[in-house]
Amino acid sequence: VGGTPFDLRISRRVGEAIDADDEQIRLGGGYDHNFILDKEPGMLALAAVARSEKTGITMETYTTQPGVQLYTSNSLQNDTRPGKTGGIYGRYQGFCLETQHYPFTPSHPEFPSVELRPGEEYHETTIYKFLTE
């Protein structure tokens with residue numbers, strides 16, 4: 001990911017590269033991409049940190065999942081439903097960090113399996129921790 005809009009290994013603003021001249025950014029209209037986490041399978045680890053310079057609020061995301069999807073509300077430009085305070089939310093006015101397995105996993109045997117057989121149980125943990133500075 002080095003040198004691309006997908007290099008989020010270092011702290012940067014989410015919107016910094018949201019309009020980058022990158023084929024994947026253009027196709028998604030922003031970020032709607034899965035990031036593979038560099039950790040041992042099943043280990044609870046820090047996956048992402050989001051921090052607001054304006055409010056000082058920080059959100060840390062921990063998960064046992066192997067990936068996290070970053071979605072930057074690319075499709076909200078035509079949404080007319082009022083938000084919590086009555087305002088209309090537009091494109092890029094929010095983001096999601098969705099912990100998950102990788103997309104298209106059944107088609108890629110090299111990816112961690114998502115197969116669940118009868119009688120088996122599925123357990124994953126995700127923690128969203130909020131802090132203030």
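A residue is called partly exposed when its relative accessible area lies between the buried range, under 20%, and the exposed range, over 50%. In this predicted model, Ile57 has a relative accessible area of 39%, and it is therefore partly exposed. This briefing covers the largest pocket, a nonpolar surface patch and the salt bridges.

**The largest pocket**

- The volume of the largest pocket is about 1,400 Å³.
- Its lining consists of 38 residues, and those nearest the centre of the pocket are Arg12, Val14, Val49, Ala50 and Arg51.
- Four strands each give two or more residues to this lining: β1 (32-36), β2 (45-51), β3 (57-63) and β4 (67-71).
- Strand β2 provides the largest share of the lining, namely 7 residues.
- Sorted by class, the lining holds 23 nonpolar, 8 charged and 7 polar residues.

**The nonpolar surface patch**

- Three residues, Ile57, Tyr128 and Phe130, make up a nonpolar patch on the surface.
- Together these residues have about 310 Å² of accessible area.
- Ile57, the partly exposed residue introduced above, belongs to strand β3.

**Salt bridges**

- The model contains 6 salt bridges, among them the pairs Asp7 with Arg9, Glu53 with Arg13 and Glu133 with Arg51.
- In the pair formed by Asp7 and Arg9, the closest N and O atoms are 2.8 Å apart.
- Asp7 counts as buried because its relative accessibility is 13%, and the cut-off for buried is under 20%.
- Its partner Arg9 has a relative accessible area of 64% and is therefore exposed.
- The side chains of Glu53 and Arg13 also form a salt bridge, with an N to O distance of 2.8 Å.
- This pair links distant parts of the chain, 40 residues apart: Glu53 is in the loop between β2 and β3, while Arg13 is in the segment before α1 (23-28).
- Both Glu53 and Arg13 are exposed.
- Between Glu133 and Arg51, the closest N and O atoms of the salt bridge are 3.1 Å apart.
- This bridge likewise joins distant parts of the chain, 82 residues apart, with Glu133 in the segment after β6 (126-132) and Arg51 in strand β2.
- Glu133 is exposed, because its relative accessible area is 70% and the cut-off for exposed is over 50%.

**A residue shared by two topics**

- Arg51 is one of the residues nearest the centre of the largest pocket, and Arg51 also takes part in the salt bridge with Glu133.

Notes:
Residues are numbered from 1 along each chain as its sequence is written. This is a predicted model: local features need pLDDT of at least 70, side-chain atom pairs count only at pLDDT 80 or more; totals for chains, interfaces and linings use all residues. Side-chain values use heavy atoms; hydrogens and water are left out. On a 1 Å grid over the protein atoms alone, a cavity is a set of points where a 1.4 Å probe fits but cannot get out, and a pocket is an open set with protein on both sides within 12 Å along at least five of seven lines; lining residues have an atom within 4 Å of a point. Grid points are joined across faces, edges and corners, and a volume is the space filled by probe spheres set on the points. Ala, Val, Leu, Ile, Met, Phe, Trp, Tyr, Cys and Pro count as nonpolar, Asp, Glu, Lys and Arg as charged, and the others, Gly among them, as polar. Patches are made of residues with over 30% relative accessible area and no salt bridge: like charges are joined within 9 Å, nonpolar side chains (Val, Leu, Ile, Met, Phe, Trp, Tyr) within 5 Å. Accessible areas come from the Shrake-Rupley method with a 1.4 Å probe; for residues, only the protein chains shown count as cover. A salt bridge is a side-chain nitrogen of Lys or Arg within 4 Å of a carboxyl oxygen of Asp or Glu. Buried means under 20% relative accessible area, exposed over 50%, partly exposed in between (1.4 Å probe, protein chains only).
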